[in-house]
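Welcome! Please take a moment to look over the sequence and the model below before reading on.

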Amino acid sequence: MPADGASIGVECTTLHGVITICIQNKAQKPGYAAALRHAFESAGVKVLEAAELGPSPYTSPYIP
């Protein structure tokens, strides 16, 4: 769990040397995707594409 109390879900796959990482920000904290992209690029990881897709249909505001 990140230090700021956010809750995330992570899934990774690879195909032909390209790693795809899907990160679900379950706490819906704004700016998390931009912060992750900056962290990856600062570490020398080339980010080919990034997208914020909105809330997951698999989460509920009633389930912590």
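The paragraphs that follow go from the overall layout to a few individual residues.

A good place to begin is with what kind of model this is: it is predicted. Its mean pLDDT, the predictor's confidence on a scale from 0 to 100, is 75 for the chain, with 66% of the residues reaching 70 or more. Confidence can also be followed element by element. Helix α1, which covers residues 32-42, has the highest mean pLDDT of the elements, at 85, while strand β2, covering residues 18-25, has the lowest, at 80.

Now for the layout itself. The chain has 1 helix and 2 strands. If you start at the N terminus and walk along, you meet the elements in the order β-β-α. The chain holds 64 residues, and 9% of them count as buried. About 5,600 Å² of the chain is exposed, and 60% of that area is supplied by carbon and sulfur atoms. As for how the chain touches itself, take the contacts with a separation of 6 or more: 19% of these join residues 24 or more positions apart.

Let us turn to the surface. A nonpolar patch of about 490 Å² is formed there by V10, I19, I21, I23, F40 and V45. Which element gives the largest share of this patch? Strand β2 does, with 3 residues. One residue of the patch, I23, lies in strand β2. I23 has a relative accessibility of 32%, so it counts as partly exposed. Patches take in residues with over 30% relative accessible area, and the 32% of I23 is on that side of the cut-off.

Staying with strand β2, we come to C22, which is also found there. At 45% relative accessibility, C22 is partly exposed. Although C22 and V10 are 12 residues apart along the chain, their C-alpha atoms are separated by 5.7 Å. V10 is also among the contacts of C22: setting aside neighbours within four places in sequence, C22 touches G9, V10 and E11. V10, as you may recall, is one of the residues of the nonpolar patch.

A cysteine naturally raises a further topic. How many disulfides does a search of the whole structure find? The search finds 0. C12 is in no disulfide, and the cysteine sulfur nearest to its own, that of C22, is 8.1 Å away. Looking from the other side, C22 is in no disulfide either, its nearest cysteine sulfur being that of C12. A disulfide needs the two sulfur atoms within 2.5 Å, so a separation of 8.1 Å does not make one.

Finally, let us visit the helix. Searching the whole structure for salt bridges gives 1. The side chains of E41 and R37 form this link, with 3.1 Å from N to O. Where do these two residues sit relative to each other? They are 4 residues apart in helix α1, so about one helical turn separates them. Are the partners buried or exposed? The answer lies in between: E41 is partly exposed, with a relative accessible area of 38%, and R37 is partly exposed as well, at 32% relative accessibility.

How values were computed
Residues are numbered from 1 along each chain as its sequence is written. Side-chain values use heavy atoms; hydrogens and water are left out. Buried means under 20% relative accessible area, exposed over 50%, partly exposed in between (1.4 Å probe, protein chains only). Contact means heavy atoms within 4.5 Å. Accessible areas come from the Shrake-Rupley method with a 1.4 Å probe; for residues, only the protein chains shown count as cover. Patches are made of residues with over 30% relative accessible area and no salt bridge: like charges are joined within 9 Å, nonpolar side chains (Val, Leu, Ile, Met, Phe, Trp, Tyr) within 5 Å. A salt bridge is a side-chain nitrogen of Lys or Arg within 4 Å of a carboxyl oxygen of Asp or Glu.
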